[in-house]
Amino acid sequence: MKTFKILLSGRVQGVGFRFFVEPRAKKYNIAGYVRNTFNNKVEVVCQGEKENLELFIKEIKKGPTFSIVRNVDIEEIKNPQNYSVFEIKF
């Protein structure tokens, strides 16, 4: 089980990015959350099995149709809390 914090920037707010991420998290059995940040980025904290996380991250790097993902910063979280579900935070 691994946990990552991902910050995506570019045209990622106002394009349905959070609603794009949520079903993919469920598809790959990922727990955590997605939220918009105050500096116009999208933050994803994702926790799951390594193989599932790799597939999940590959998909969210593309983003929804009207997004333009310019930069993706990924860092592993050491000693994370345990997440049981994936949620959209507002």
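Is glutamate 54 buried, partly exposed or exposed? Glutamate 54 is partly exposed, with a relative accessible area of 46%. The legends below start from this residue and then move on to other parts of the structure, which is a predicted model.

**View 1. Glutamate 54 and lysine 50 meet in a salt bridge in helix α2.** The N to O distance between these two side chains is 3.4 Å. Both residues belong to helix α2, which covers residues 50-62. They sit four residues apart, or about one turn of the helix. Lysine 50, like its partner, is partly exposed, and its relative accessible area is 46%. Elsewhere, salt bridges with shared partners link Lys2, Glu76 and Lys78 into one network. In total, the structure holds eight salt bridges.

**View 2. A salt bridge in helix α1 joins glutamate 22 to lysine 26.** Here the closest N and O atoms are 4.0 Å apart. Helix α1 runs over residues 17-27, and the two partners are four residues apart within this helix, about one turn. How accessible is each partner? Glutamate 22 counts as partly exposed, at 24% relative accessibility. Lysine 26 is exposed, with a relative accessible area of 54%.

**View 3. Glutamate 59 is a buried residue of helix α2.** Its relative accessible area is 19%, and buried means under 20%, so glutamate 59 counts as buried. The side chain of glutamate 59 makes a polar contact of 3.0 Å with the side chain of lysine 27. Which residues does glutamate 59 touch, once its neighbours within four places in sequence are left aside? They are Phe20, Arg24, Lys27 and Tyr28.

**View 4. Strands β2 and β3 form a hairpin.** Strand β2 covers residues 31-36 and strand β3 covers residues 42-48. The two strands pair in the antiparallel sense over six bridges. Five residues lie between them, and in the turn asparagine 40 has a positive phi of about 65°. Follow the strands and you will find asparagine 36 opposite valine 42 of β3.

**View 5. Arginine 35 and glutamate 43 are linked by a salt bridge.** Arginine 35 also stands opposite glutamate 43, a residue of β3. The closest N and O atoms of this salt bridge are 2.6 Å apart. Is glutamate 43 buried or exposed? Glutamate 43 is buried, with a relative accessible area of 5%. Arginine 35, in turn, counts as partly exposed at 32% relative accessibility.

**View 6. Strand β3 is mostly covered.** Seven of the seven residues of β3 are buried. Val42, Val44, Cys46 and Gly48 point one way from the strand, while Glu43, Val45 and Gln47 point the other way. Besides its pairing with β2, strand β3 also pairs with strand β1, which spans residues 2-11. The pairing of β1 and β3 is antiparallel and extends over seven bridges. For a landmark here, look for lysine 5, which stands opposite valine 45 in β3.

**View 7. Strand β2 also pairs with strand β5.** In which sense do β2 and β5 pair, parallel or antiparallel? The pairing is parallel and involves three bridges, with β5 made up of residues 86-88. Within this pairing, valine 34 has isoleucine 88 of β5 as its bridge partner.

Conventions
Residues numbered from 1 in each chain as written. Predicted model: local features only at pLDDT ≥ 70, side-chain atom pairs only at ≥ 80, totals over all residues. Heavy atoms only, no water. Buried < 20%, exposed > 50% of the residue type's maximum accessible area, 1.4 Å probe, protein only. Pairing = 2+ DSSP bridges. Polar contact = N/O pair within 3.5 Å; in protein donor to acceptor, adjacent residues only side chain to side chain. Contact = heavy atoms within 4.5 Å.
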